[in-house]
Amino acid sequence: MTQENNKSKDYAKYFDFSTAKVIKQEEGKTTYRINGREISINSAPNHTEEKRRGKEDIQVHYDAGIPDELKEIGKDKHYIIYTFGCQMNEHDTETMKGMLEEMGYQSTEDRKLADIILLNTCAIRENAEDKVFGELGHLKHLKTEKPGLILGVCGCMSQEESVVHRIMAKHGFVDMIFGTHNIHRLPYLIQDALFSKEMVVEVWSKEGDIIENLPKKREGMRAWVNIMYGCDKFCTYCIVPFTRGKERSRRPEDVIAEVRDLARQGFKEITLLGQNVNAYGKDFTDIEYTFAHLMDDMHKIDIPRVRFMTSHPRDFDDQLIDVLAKRGNLVEHIHLPVQSGSTQMLKIMSRKYTREQYLELVRKIKKVIPDVVLTTDIIVGFPGETDEQFEDTLSLVKEVGYDSAYTFIYSPRVGTPAASMEDNVPMDVKKERLQRLNDSIKQSSRQIHDNMVGQVVEVLVEGESKNNANMLSGRTRTNKLIHFEGSKDLIETFVHVKVTDSFTWFMKGELVTEQVPM
Ligand code: 5AD
Ligand code: SF4
């Protein structure tokens, strides 16, 4: 949970291009010297550009890959990627791992063995950023011991002007900074970093195109599949529309082909990913194809479970509810971030729905899918939030009856509209609200689990339980964690388990039927 209260730190002062010494200017890149370090900038992040939402068509590229001459570059070398933040970042890491392994690099967990270390960063709250700067501090020592080590910073923080300036000025030992739209350029950036002594900065601010066919290293039996990138919602507290660019949907045929292929490979569950999956397809100019259509097509694919993240209540339409009601492989779990239960707060957050509209959506969903599991995201302590408005959040939480929720103290992000709003809520009040909210959610989660005792649930067995090697752990269709006794042969299969004990965040049970065919 976040601790910060004050205005987000603005590091823009660290680096001033107008006074930095230019030592080389070549086509498309400028090399500066700052604090004795040469920094070669192919492109730097630009907040004004990131706000732009151009009308030009999105280009889909099917020909990105690793050029033959770079396929040996990582032979006998090792890599580590540290990933911070959301599933989108986890999935980007899978892509980068895929690329690195095609370049000959092998994965390691031993820092001393690593020849390349990447930090795939998150910018959503200040504490996420603090963790990355803390990690950079540790890596500085490693770099001193092993000067040949390539250190890279990528992900959402690298899209922020102020962060890139701070790294350039204060963390000159970093070798590469690249943005969320530049991931496919990784092989070339590594080549540059290996063969030049300069820090390479390549962060495109223009909304990225869609790059298909990049290699991906997936593990386990659950896979993430991007269906769209970016976000056009511009909630006033959120940095994502700036760091991830404009909304752009992958072509349905590409998504469907990827999911079919994952099914053929034996994956048991896929999660469709997007910052606002309900906006899927809105950018297509040649076809009428929405998220409801996509889910209907997913329903026809022979893969046991299909999930999706994240929904925006404003775009969640009746067609989608009707498709989800078909069930089958479409599971009864919807993550539906509400952020606040107060209509006035929602307005200031620019969420574009009222408390009543949200509750109406929940009613509609529950009518058609009575056993649906709803989870949510909530922010407390937004600038100006009154006690009454917070009470509205508490009462909404009770009314909806969420199974669980991610809860956050508001964290100001440089460049977002909320960062310049006056924040008159003291930190101790924010913390107290968070505590009360968490207590209420814990209570409702426990109550829901208590009511499940005696029910038989379908479980996808993931492996041995983390705390007890004699037990197995798995997930229900609604993503609830359950532990039970059973043979290790059941791992990666579906079984039926009767719930015997309930706890706040998990359940215990006994095996009823082994290996349900799927
Ligand atoms: N401060 C606190 N929480 C935030 N989130 C997004 N931006 C902020 C911020 N500035 C939360 C929202 C979102 C989740 C992914 O992170 O609840 O749904
Ligand atoms: Fe951020 Fe709002 Fe977009 Fe979600 S919908 S990514 S909270 S701007």
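**Cysteines, ligand shell and overall fold**

At 10% relative accessibility, Cys122 counts as buried in this predicted model. The sulfur of Cys122 lies 6.3 Å from the closest cysteine sulfur, that of Cys156, and because a disulfide requires the two sulfur atoms to be within 2.5 Å, this separation is too far for a bond. In the structure as a whole, zero disulfides are found.

Buried cysteine also occurs in the surroundings of ligand 2, where Cys235, with a relative accessible area of 8%, is buried. The residues around ligand 2 include three cysteine positions, Cys231, Cys235 and Cys238, together with Lys233, Phe234, Tyr237, Val240 and Pro241, and the list is completed by Gln275, His312 and Arg351. By residue class, this shell around ligand 2 comprises seven nonpolar, two polar and two charged residues.

At the level of the whole chain, the secondary structure amounts to 13 helices and 24 strands. The radius of gyration of the chain is 24 Å, close to the 24 Å given by the globule rule for 518 residues, and the chain is therefore as compact as a globular protein of that length. Taken along the principal axes, the C-alpha atoms fill a box of roughly 70 × 55 × 50 Å. Of the 518 residues, 55% count as buried, while the chain exposes about 22,700 Å², of which carbon and sulfur atoms supply 48%. Among contacts between residues at least 6 apart in sequence, 75% join residues that are at least 24 apart.

Terms used
Residues numbered from 1 in each chain as written. Chains lettered and ligands numbered in written order. Predicted model: local features only at pLDDT ≥ 70, side-chain atom pairs only at ≥ 80, totals over all residues. Heavy atoms only, no water. Near = heavy atom within 4 Å. Nonpolar A, V, L, I, M, F, W, Y, C, P; charged D, E, K, R; others polar. Buried < 20%, exposed > 50% of the residue type's maximum accessible area, 1.4 Å probe, protein only. Helix = DSSP H or I, 4+ residues; strand = E, 2+ residues; numbered from the N terminus. Rg over C-alpha atoms; globule rule 2.2 N^0.38 Å. Contact = heavy atoms within 4.5 Å. Areas by Shrake-Rupley, 256 points an atom, 1.4 Å probe, with all protein chains shown as cover.
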